[in-house]
Amino acid sequence: MSAGILVLVEHLKGAVADITFEMLGAARQLAQASQAPVHAVLVGKDVAGLAAQLGAADAVIVVEDAAAELPSTELVLAVLRQLLEQKQAGLVLLGGTNVSFGLGVRLAARAKLPFVNFCKGLRWDNRALVCTSQLFGGKILSDVRLPDGRGVISIYPGSFPADAGKSDKTPPVERLAAPAVQSKVVFRQLLEPAAGDVDITKQRVLVGVGRGIQSRDHVQLAEELAAALGGAVCASRPVIDQGWLPLSRQVGKSGLTVKPRVYLALGISGAPEHWEGMQNSECIIAINTDPRAPIFDGAHFGVVGDVLELLPLLTEKVKARKT
Amino acid sequence: MNQIVAWKPVPDPVEELAIAADGRSLDPEVIRFKLGDADEHALEQALLLKEKHGGKVTVVAFEAPEVDDALWTALAKGADRAVKLVLNRPNPGTAELAAALAHHLTSTAGPMTPDTLVLAGSQAIDDLEGELAPYLAEILGLPYLGVVSGVTLSEDGRTARVLKEFAGSLRGEFEVPLPAVLGIQSAEKPPRYVPVARVRAVMKSGQIEVAEVPPREVPQKLLVERMYLPEAAGHAEMLEGTPEEVAERLAGILAGRGLI
């Protein structure tokens, strides 16, 4: 039997995140070939109740930590290091999300294991594990070989089917006492986002603007199209960071996940962080000056062109059809 | 306050990226390097803190053909020192870069003083081995927090109050004692603009220091077996024609979806 697989269960505010099921599915697939046991590792405050959802694992290891709403990174690192030894595990899967961000590097540094980031694919090649990662905003793939199949791997969200990690089985639960750790970083509180004027998750059409919109003044062009269509304007990170639209309009990894009937991606290249938040839109229409922009690989309709030129024309056409 | 901003220039993904003949790296002939957005924000956050609390900001950047321009701009924006780190090593991974940076910081500045804050971009598009900031924090034995989008300092300057982003625009508030390493996602304000004339003036009066660091072996070094362009699972149906024609077709698609 090969070294076991640890899957760090990701949860926030009492809900298991989808990435957890993606990781469990990926782990199950790896375990099928290697016969390695899959352990789901659940750390946090009042989390034992979540274990029932983790039936795809061979066992769930629960570490209750009453100290804080969010478990300290130091505690999670100590638990994983302890389990790497106790369970003779060789592989740790972590979510490539803001919650688990930075954990992989530190675990790898302390456990003297390699760390592979941005992983979208995993396959065994005899005893070696070949990890496929996406780099440069999804424009390049790279294969890295872990010769003995040991390492810490960050799974990019949306890369593995979540359904493969769901099961009705009741998994055996093991409790582990929280190891004593000193953490210099102290969690204080969660800050809920300020309610925006518009809930972009409830729109049937969204006009998404990215770097290609070029200036704050041009956002108005998108507002006019959204108004004509009865929808709202949202944005990718660079536009929010510039302060051209409020945080409540951000779509993507740190922002909101949206599924409108139509998502217009205007001057948005389609970086993985943005794609994560809008990929399940029913219809995606992309306009970008760069014919190689990754957004065109996933969109339903594409136009290579200047959004600033097309936007007023499109608004005009939409208005004309309404009259 | 002693602030160090660490920059790791990345290949500009807007340019066409090509694979080198070895099939395992990017073709260096066609790469144009740039700073990632997060690196720009790391400098801005440091400058905002300096405005409030004083002290010095040192920008340390790994060598890349275009990095001098970025360092001159940093000086023009208000950084006090600009240092270019030279590794003389092909395709160094993030773990190696972090080891080199840690060596540079500790060999030139000694142990981190209690008023030191190291700010790096939270992530980069070439972070195959993971992010620079947590590697650095591990080597230096300092606390670390990433995906940071706001930093304020306590009155005594010993503790940073840090906002970390989660999903859905949710943020967590943390306290981090200095010295510390932060991975900055975005500063509290967009990176400032600086006129070209000011950059030119700094180029005449200022200087970019150059420091060579010996290569350092790291256990996390990943060997890329193959690098390749993804085969898209699908591709958009591309609409062509004059802008007028394209707009008409788009309006037709929207109407077909019942939106008009």
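Hi everyone, let me start with a turn in the backbone: right after helix 3 of chain A comes K112(A), and its phi is positive, near 55°. One thing to keep in mind throughout is that this is a predicted model. Helix 3 itself covers residues 103–111 of chain A, and its buried residues include L103(A), V105(A), L107(A) and A108(A). G104(A) and R106(A) are buried there too.

Staying with backbone angles for a moment, here is the background. Most residues other than glycine have a negative phi, and most peptide bonds are trans. With that in mind, look at F136(A), which is not a glycine and still has a positive phi of about 50°. You'll find F136(A) in the loop that links strand 8 (128–135) to strand 9 (140–146) of chain A. Is F136(A) buried or exposed? Its relative accessibility is 5%, so F136(A) counts as buried.

Now over to chain B, where N88(B) also has a positive phi, near 50°, and is not a glycine either. N88(B) sits in the loop between strand 5 (81–86) and helix 3 (94–109) of chain B. The burial here is another story: N88(B) has 58% relative accessibility, so it counts as exposed.

Chain B has a cis peptide bond as well, joining L178(B) and P179(B), with omega at about -5°. P179(B) belongs to the loop between strand 9 (171–177) and strand 10 (180–184) of chain B.

Next, the place where the two chains meet. The size of an interface is often given as the accessible area lost when the parts come together. For chain A and chain B, that buried area is about 7400 Å², and carbon and sulfur atoms give 61% of it. Which three residues supply more than any others of the area that chain A buries against chain B? They are F101(A), F136(A) and R321(A), which supply 10% of it. So we meet F136(A), the residue with the positive phi, once again.

In residue terms, the contact takes 81 residues from chain A and 77 residues from chain B. On the polar side, the rule finds 10 salt bridges across the interface, along with 35 residue pairs in polar contact, both residues at pLDDT 80 or more. Helix 8 of chain A gives the largest share of the side of chain A that touches chain B, with 8 residues. If you'd like a salt bridge to look up, try R110(A) with E138(B): their side chains meet at 2.7 Å, N to O.

Let me finish the chain B part with helix 6, residues 243–256. At 1.5 Å a residue, its 14 residues should span 20 Å, and the end C-alpha atoms are indeed 20 Å apart, so the two agree. The buried residues in helix 6 of chain B are V246(B), A247(B), L250(B), A251(B), I253(B) and L254(B). Why do they lie on the same side of helix 6 of chain B? Because they cover an arc of only 160° around the axis. In general, an α-helix has 3.6 residues a turn, so residues three or four places apart point the same way. Among the elements of chain A that cover these buried residues are helix 4 (219–229), strand 16 (283–288) and helix 8 (307–322). Helix 6 of chain B is then followed by G258(B), with a positive phi near 75°.

One last stop, G49(A), in the loop between strand 4 (38–44) and strand 5 (59–64) of chain A. G49(A) is exposed, at 66% relative accessible area. Thanks, and I'm happy to take questions!

Notes
Residues are numbered from 1 along each chain as its sequence is written. Chains are lettered from A and ligands numbered from 1 in the order in which they are written. This is a predicted model: local features need pLDDT of at least 70, side-chain atom pairs count only at pLDDT 80 or more; totals for chains, interfaces and linings use all residues. Side-chain values use heavy atoms; hydrogens and water are left out. Helices (H or I, at least four residues) and strands (E, at least two) are DSSP runs, numbered from the N terminus. The expected span of a helix is 1.5 Å times one less than its number of residues. Buried means under 20% relative accessible area, exposed over 50%, partly exposed in between (1.4 Å probe, protein chains only). The arc is that of the directions from the helix axis to the C-beta atoms. Contact means heavy atoms within 4.5 Å. Buried area is the accessible area (1.4 Å probe) that two parts lose on being put together, summed over both. A salt bridge is a side-chain nitrogen of Lys or Arg within 4 Å of a carboxyl oxygen of Asp or Glu. A polar contact is a pair of N or O atoms within 3.5 Å; within protein, one must be able to donate a hydrogen and the other to accept it, and residues adjacent in sequence count only if both atoms are side-chain atoms.
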